[in-house]
Amino acid sequence: MATRTLERTGTAGEARREPRAGEAHGPERRWVKPVLLWTAVVLIVIFCLFPFYWLINVSLKAGPDLSGADLLPPNPTLDNYQSIFEDADFTKALRNSVGITTITTVLALVFGSFAAYALARLRFPLKFLLLGVILSITTFPPIAIAAPIFKLWTELGLYNTWAGLIIPNLTFALPLCIYILASFFREIPKELEEAALVDGATHFQAFRKIVLPLAAPGLVTAGLLTAFFVWNEFLLAITLTSSTSARTVPAAIAFFTGSQKFEVPLGTISAASVVITIPLVALVIIFQKRIVAGLTAGAVKG
Amino acid sequence: MEAATARLKSRPAERGGYGRSERRLAAAMLAPSLIVIAAVAAYPIGYAFWLSLTEYSVRVPDRWRFVGFDNYTDALSSPEFWDALTTTFIFSGISVALELVIGLGMALCMHEAFKGRALLRTVVLVPWAILTVVTAITWRTIFEPGLGLAPVLLDKLGLPGADVVWLGQEPYALGVMILADVWKTAPFMALLILAGLQVIPDELYDAAKVDGASAWQRFWRVTLPLLKPAILVALIFRTLDALRIFDLPYVLTQGANGTTTLSLIAQQELTANRLIGLGSALSILTFVIVMVVAFIYIRAVGGNIRALAEET
């Protein structure tokens, strides 16, 4: 418990790590560290951002410019963007992705917050075993269930539908969601719930009226990570869909590349890729702290 | 707070009084998640195992027969399976090792106090946020012959590799795949390690310094040993992910030129060749391999999960 609190408040505490005077080596070597640090920082920034910049660059080129490896598009054009938004396959895939991701995320948060509360606060037998089972799902290779789900969905009429993707996505998203939410619920002081219980509230009321509102940042974090996960899902999306009625964006992009094997329209595909990446990058910029908190939830245990 | 919990636990009326209703509520709250997990993970795994013991006719729909473990013998005696297994392990080993080294470097940088540190953390999250499929497209636009940046750049800098058809030649295609994976996931590793760095108390460094330890010794003797739990958790997550890799080879090369992984070969047998029995056997083999690796790792750090369960 103590370590977790330390981690969350880490940002405030880090100010202490301001370079201390003298820092072991003599004044003649004091410039070494900043130079090394800034070189590393510049390299990291180039490593992380340049490939995405290159993708944007390609998406702004058309025709013969595509084959020239210019770092700036010589004749920048939005043709590629225009053509993907005129492509019904892409806009439909976009709609499918948004719908499937939203519904899965909401369901995962509702189911996940119940389960997480039970795991974080209630006392019942076999808790360790149950947590182990839930976490073991995160290690499942989706390929292992692809064939049976494909056969089942064909029989049940769920093949190539939104529901057919939402259900398995929910299964794979839930463990992550439960794990993150449980680690947030644990940080809410127990005294608040105890006071409510003494005043005659039930455990469920305490959960709904006290824990849930206080865990709002945790819900945002878990929701974001679930949404990223579902938006990214690919194997089930190509195995369980056959047309634009449920095909999601990743599957649609792969379908573009697969269908024209001989002349891959990389300009158009790059434009589509940029379009679906911009919202994600925007979310990262806005919610950086929340996302980092979620990714590292429970990873650090003294 | 610790005192309050202890007081609560020592009150006997509490334990007996809430026991049953609490247990019932726990069951009710866990039920929705457990039902979904059981229906879509546990049951299909059993069904997949059953399918792996059968052979479905490619021509006549719904005609099948029981073949026992024939699909497994077929799979285990096919060079394709062993190639995919080797590729998967080479890919996982190299990319996770590179991710660890690069991630550690990134984490150490992000831990330093300097202006723009928050910005660096955001920048590092960009590759993490990009879809795996888009990652594959991005690296294709860099390495695609006649379009890509890499051949031109290598040529201009006079480096070897300008003549290589990167995605079209045996070891190089896997190299691009590893590079793409490292790019996308090293940031994740970095953030987990950074969280580990942040819980190391400064006093330990100060004490080591007083004892005359150099910066290098402090890193090897203080930082690394204390980072071990965080690194192990990051390694588990990444290794299990890498063993299941599917999207990258699918979009980069469609599995050509030595990039077919276990998940990809199973999926190809299932969908392209419509061999449900063999495909299921390959899927189950993939599942078992991932589980064995997971088990080995979890034996090493099982205490962490137990601590989480028992913390309440």
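Q: Which residue of chain A forms a salt bridge with B:Glu112?
A: In this predicted model, B:Glu112 lies in the loop between H4 and helix H5 (117-129) of chain B, and its partner lies in helix H3 (residues 32-59) of chain A, so the pair joins two chains. The partner is partly exposed, with a relative accessible area of 40%. The closest N and O atoms of the pair are 3.3 Å apart, which falls within the 4 Å that a salt bridge requires, and the residue asked for is A:Lys33.

Q: How many residues apart in sequence are the parts that B:Asp181 and B:Arg238 tie together?
A: The side chains of B:Asp181 and B:Arg238 meet in a salt bridge, with 3.0 Å from N to O, and both residues are buried. Because B:Asp181 belongs to helix H8 (residues 170-198) of chain B and B:Arg238 to helix H10 (residues 215-243) of chain B, the pair ties together parts whose separation in sequence is 57 residues.

Q: Which residues are joined with B:Asp241 and B:Arg244 into one network of salt bridges?
A: B:Asp241 and B:Arg244 form a salt bridge whose closest N and O atoms are 2.8 Å apart; B:Asp241 is partly exposed at a relative accessible area of 38%, whereas B:Arg244 is buried at 14%. Salt bridges that share partners extend this pair into one network, and the other residues in it are B:Glu99, B:Asp181 and B:Arg238.

Q: How far from the sulfur of A:Cys48 is the nearest cysteine sulfur?
A: The structure holds zero disulfides over all chains, and the cysteine sulfur nearest to that of A:Cys48 belongs to B:Cys109. A:Cys48 is buried, with a relative accessible area of 0%, and B:Cys109 also counts as buried, at 8%. Because a disulfide needs sulfur atoms within 2.5 Å, A:Cys48 is in no disulfide, its nearest cysteine sulfur being at a distance of 11 Å.

Q: Within what arc do the buried residues of H9(A) fall, seen down its axis?
A: In helix H9 (residues 190-198) of chain A, the buried residues are A:Lys190, A:Glu193, A:Glu194, A:Ala196 and A:Leu197. They line one face of the helix, because seen down the axis of H9(A) they fall within an arc of 160 degrees.

Q: Is B:Val101 buried or exposed?
A: B:Val101 has its place in helix H4 (residues 79-111) of chain B, and together with B:Ile90, B:Ile94, B:Leu98 and B:Ile102 it forms a nonpolar patch on the surface with about 390 Å² of accessible area. Its relative accessible area is 59%, and because the cut-off is over 50%, B:Val101 counts as exposed.

How values were computed
Residues are numbered from 1 along each chain as its sequence is written. Chains are lettered from A and ligands numbered from 1 in the order in which they are written. This is a predicted model: local features need pLDDT of at least 70, side-chain atom pairs count only at pLDDT 80 or more; totals for chains, interfaces and linings use all residues. Side-chain values use heavy atoms; hydrogens and water are left out. Patches are made of residues with over 30% relative accessible area and no salt bridge: like charges are joined within 9 Å, nonpolar side chains (Val, Leu, Ile, Met, Phe, Trp, Tyr) within 5 Å. Accessible areas come from the Shrake-Rupley method with a 1.4 Å probe; for residues, only the protein chains shown count as cover. Helices (H or I, at least four residues) and strands (E, at least two) are DSSP runs, numbered from the N terminus. Buried means under 20% relative accessible area, exposed over 50%, partly exposed in between (1.4 Å probe, protein chains only). The arc is that of the directions from the helix axis to the C-beta atoms.
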